[in-house]
Amino acid sequence: MLSATDIAHVEATEVVDTASDGPMRRCVVTGKTGKRESFLRFVEAPDGTVVPDIEGKLPGRGLWLTVSRAALEQAVARNAFAKAAKKNLKASPELPAMVEKLLLRRAIESLSLAKRAGVIVAGFTKAKAAIERGGIGLMVEALDASRAERARLGGRDIPTVSVLSAEEMGAALGRENAVHVAVRDGAMAQRLRDDLMRLAAFRTASEDKGE
């Protein structure tokens, strides 16, 4: 099962590395580089403040950071965004809470989108049957799910992510709670997995403090 500790924190100002598959990014805190999918993008707002660009679509030069609350807290405390941009930028102490809220919202929206697309099966019995039939590309388990039930579900070779509570999963699916969700293999499962793992990575205390 892919827990938060299994997620690689590939740290992430923009640099070009022609030896890789496209441009690489460099973390304003650690200086380490990696592919853009592994990082959080921030840009300068018109008022000179730093704002998160979770979707990666806002105009302006991107300032990149490893997906970690600890790294973001350091970036704010050390004025790292201003140093990287070489200009006076203001980063609010509320930025970590704002980013987590945005990552959570995106993860919930992705789960809701998967439901509307008809590629998920929710509930222990239905999820178990779907696993036995095959074609499941992702399991989403509630953080407060029973370990015994997880074990009984099987599907050990299926990527599994546990980062949302049963209540959060339920909100995405229009029900009070949801504990076990099977997602059919495909692009939707990959997007959902990416969004959930970014949230898990952000919520996990990073071992690399960038020092």
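Which residues does leucine 72 touch, not counting residues up to four places away in sequence? In this predicted model, leucine 72 touches Phe42, Leu65, Phe81, Leu95, Pro96, Val99 and Phe202.

**The nonpolar cores**

Leucine 72 also belongs to the largest nonpolar core, which has 52 residues. Within this core, Val28, Phe42, Leu65, Leu72, Phe81, Val181 and Val183 touch the most other members. Helix 7, residues 187-203, supplies the largest share of the core, with 8 residues. A second core of 10 residues is separate from it, and includes Ala130, Ile136, Leu153 and Ile158. In soluble globular proteins, nonpolar side chains tend to be buried together.

**The aromatic pair**

The structure contains 1 aromatic pair. Its members are phenylalanine 42 and phenylalanine 81, with ring centres 4.9 Å apart and planes at 50° to each other, an arrangement classed as tilted. Since a tilted pair is one whose planes are neither under 30 degrees apart nor over 60, the angle accounts for the class. Phenylalanine 42 sits in strand 4 (residues 39-44) and phenylalanine 81 in helix 2, so the pair ties together parts that are 39 residues apart in sequence. Both phenylalanines are buried. Leucine 72 touches both Phe42 and Phe81.

**Helix 1 against helix 3**

The axes of helix 1 and helix 3 come within 9 Å of each other and cross at roughly 145°. The crossing is right-handed. On the helix 1 side, the contact is made by Arg69, Leu72, Glu73 and Val76. Helix 3 contributes Leu95, Pro96, Ala97, Val99 and Glu100. An α-helix has 3.6 residues a turn, so residues three or four places apart point the same way. Of the helix 3 residues in this contact, Leu95, Pro96 and Val99 are among those that leucine 72 touches.

**Helix 6 and its surroundings**

Helix 6 covers residues 166-173 and is mostly covered, with 6 of its 8 residues buried. The buried residues are Ala166, Glu168, Met169, Gly170, Ala172 and Leu173. They pack against helix 3, strand 7 (120-122), strand 8 (136-141), strand 10 (180-184) and helix 7. Glycine 174 follows helix 6 and has a positive phi.

**Positive phi values**

Three residues with positive phi are listed below. Asparagine 79 and lysine 86 are residues other than glycine.

| Residue | Phi | Location |
|---|---|---|
| Asparagine 79 | near 60° | loop between helix 1 (69-77) and helix 2 (80-85) |
| Lysine 86 | near 55° | loop between helix 2 and helix 3 (95-116) |
| Glycine 174 | near 75° | follows helix 6 |

Is asparagine 79 buried, partly exposed or exposed? Its relative accessible area is 37%, so asparagine 79 counts as partly exposed. Lysine 86, at 76% relative accessibility, counts as exposed because the value is over 50%.

**Threonine 160**

Threonine 160 lies in strand 9, residues 160-161. Its relative accessibility is 8%, and threonine 160 counts as buried because this is under 20%. What does a polar atom of the threonine 160 side chain lie 3.0 Å from? The partner is the backbone oxygen of isoleucine 158. Ile158 is also one of the residues of the second core.

Technical notes:
Residues are numbered from 1 along each chain as its sequence is written. This is a predicted model: local features need pLDDT of at least 70, side-chain atom pairs count only at pLDDT 80 or more; totals for chains, interfaces and linings use all residues. Side-chain values use heavy atoms; hydrogens and water are left out. Helices (H or I, at least four residues) and strands (E, at least two) are DSSP runs, numbered from the N terminus. Buried means under 20% relative accessible area, exposed over 50%, partly exposed in between (1.4 Å probe, protein chains only). A polar contact is a pair of N or O atoms within 3.5 Å; within protein, one must be able to donate a hydrogen and the other to accept it, and residues adjacent in sequence count only if both atoms are side-chain atoms. A nonpolar core is a set of buried Ala, Val, Leu, Ile, Met, Phe, Trp, Tyr and Cys residues joined through side-chain atoms within 4.5 Å. Contact means heavy atoms within 4.5 Å. Rings of Phe, Tyr and Trp (its six-membered ring) pair if their centres lie within 6.5 Å; planes under 30 degrees apart count as stacked, over 60 as edge-to-face and the rest as tilted. Axes are lines fitted to C-alpha atoms, for helices over the stretch in contact, and angles run from 0 to 180 degrees between N-to-C directions. A crossing is left-handed if the near helix is turned anticlockwise from the far one by less than a right angle, and right-handed if clockwise.
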